[in-house]
Amino acid sequence: AAMYNSVSFEDWSGYFAKLLTFPLAAFKASVSDPDTLSFTEAMQDTDNKERWLMAALKEICELEAKGTWVEVNISEATEKVLPGTWEFQKKRTPDGTIKKFKGRYCV
């Protein structure tokens, strides 16, 4: 079970503040899709902002669990630091209802 399921949004407020300091660049899908959003667009979606933040947290937890990265201060990095972008997407059921909110951190 992932650790993000057992805590409330308020419990993660400090983690979200840290998340917002990640190097981010706006990402725009090549095809206009209202269900695919950049980080900026997701944070401006006031009705679903908390869901997008939880999707981002889930992605971070999964990447950390897999040992995908090690967090370091950029000034102390001994290897190349790769920039990344966020992409958020609404996943839908066949009848069109929203099944889940998904976040992906892409390098």
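This passage walks through the fold, the sheet, the longest-range links and the cysteines of a predicted model.

The overall layout comes first. The protein contains 3 helices and 3 strands, and read from the N terminus these elements follow the order α-β-α-α-β-β. Of its 107 residues, 30% count as buried. Contacts that reach along the chain are well represented: among those between residues at least 6 apart in sequence, 61% join residues at least 24 apart.

The strands come together as an open sheet of 3 strands in the order 1-2-3, with antiparallel pairing. Strand 1 (36-38) and strand 3 (98-106) are the edge strands; each has a single partner strand, so one side of each is left without a neighbour in the sheet. On average, and with direction ignored, neighbouring strands of this sheet are turned by 20° against each other. Strand 2, which covers residues 85-92, pairs with strand 1 in the antiparallel sense over 3 bridges. Within this pairing, Leu37 has Phe88 of strand 2 as its bridge partner. On the other side of the pairing scheme, strand 2 and strand 3 run antiparallel and are joined by 8 bridges. Here Trp86 stands opposite Tyr105 of strand 3. These two strands form a hairpin with 5 residues between them, and Gly96 in the turn has a positive phi of about 95°.

Against this sheet, helix 3 is a good element to look at next. Helix 3 (residues 49-65) lies across strand 1, strand 2 and strand 3, and runs at about 55° to strand 3. Its length can be checked with simple arithmetic: at 1.5 Å a residue, the 17 residues of helix 3 should span 24 Å, and the C-alpha atoms at its ends are indeed 24 Å apart, which agrees. The buried residues of helix 3 are Trp52, Leu53, Ala55, Ala56, Leu57, Glu59, Ile60, Cys61 and Leu63. Just after the helix, Gly67 takes a positive phi of about 70°.

Glu59 in that list leads on to the charged pairs. A search of the whole structure finds 2 salt bridges. In one of them, the side chains of Arg104 and Glu59 meet at 2.5 Å, N to O. This pair links distant parts of the chain, with Arg104 in strand 3 and Glu59 in helix 3, 45 residues apart. The two partners sit in unlike surroundings: Glu59 has a relative accessible area of 4% and is therefore buried, the cut-off being under 20%, whereas Arg104, at 35%, is partly exposed. The other salt bridge brings together the side chains of Asp35 and Arg92 at 2.6 Å, N to O. This pair, too, links distant parts of the chain: Asp35 lies in the loop between helix 1 (13-19) and strand 1, Arg92 lies in strand 2, and 57 residues separate them. Asp35 is buried, with a relative accessible area of 14%, while Arg92, at 37%, counts as partly exposed.

A further link involves a loop residue. Pro83 is found in the loop between helix 3 and strand 2. With 60% relative accessibility, Pro83 counts as exposed, because the cut-off for that class is over 50%. Even so, Pro83 has partners from elsewhere in the chain: leaving aside its neighbours within four places in sequence, Pro83 is in contact with Tyr105, Cys106 and Val107. Of these, Val107 is 24 residues away in sequence and 6.1 Å away in space, C-alpha to C-alpha. Tyr105 is also the residue that stands opposite Trp86 in the sheet.

The cysteines round off the picture. A disulfide is a covalent bond between the sulfur atoms of two cysteines. With a limit of 2.5 Å between the sulfur atoms, the count for this model comes to 0 disulfides. Cys61, which belongs to helix 3, has 9% relative accessibility and so counts as buried. Cys106, one of the contacts of Pro83, counts as partly exposed at 32% relative accessibility.

Notes. Residues numbered from 1 in each chain as written. Predicted model: local features only at pLDDT ≥ 70, side-chain atom pairs only at ≥ 80, totals over all residues. Heavy atoms only, no water. Buried < 20%, exposed > 50% of the residue type's maximum accessible area, 1.4 Å probe, protein only. Pairing = 2+ DSSP bridges. Helix = DSSP H or I, 4+ residues; strand = E, 2+ residues; numbered from the N terminus. Axes fitted to C-alpha atoms, helices over the stretch in contact; angles between N-to-C directions. Contact = heavy atoms within 4.5 Å. Expected span 1.5 Å × (residues − 1). Salt bridge = Lys/Arg side-chain N within 4 Å of Asp/Glu carboxyl O.
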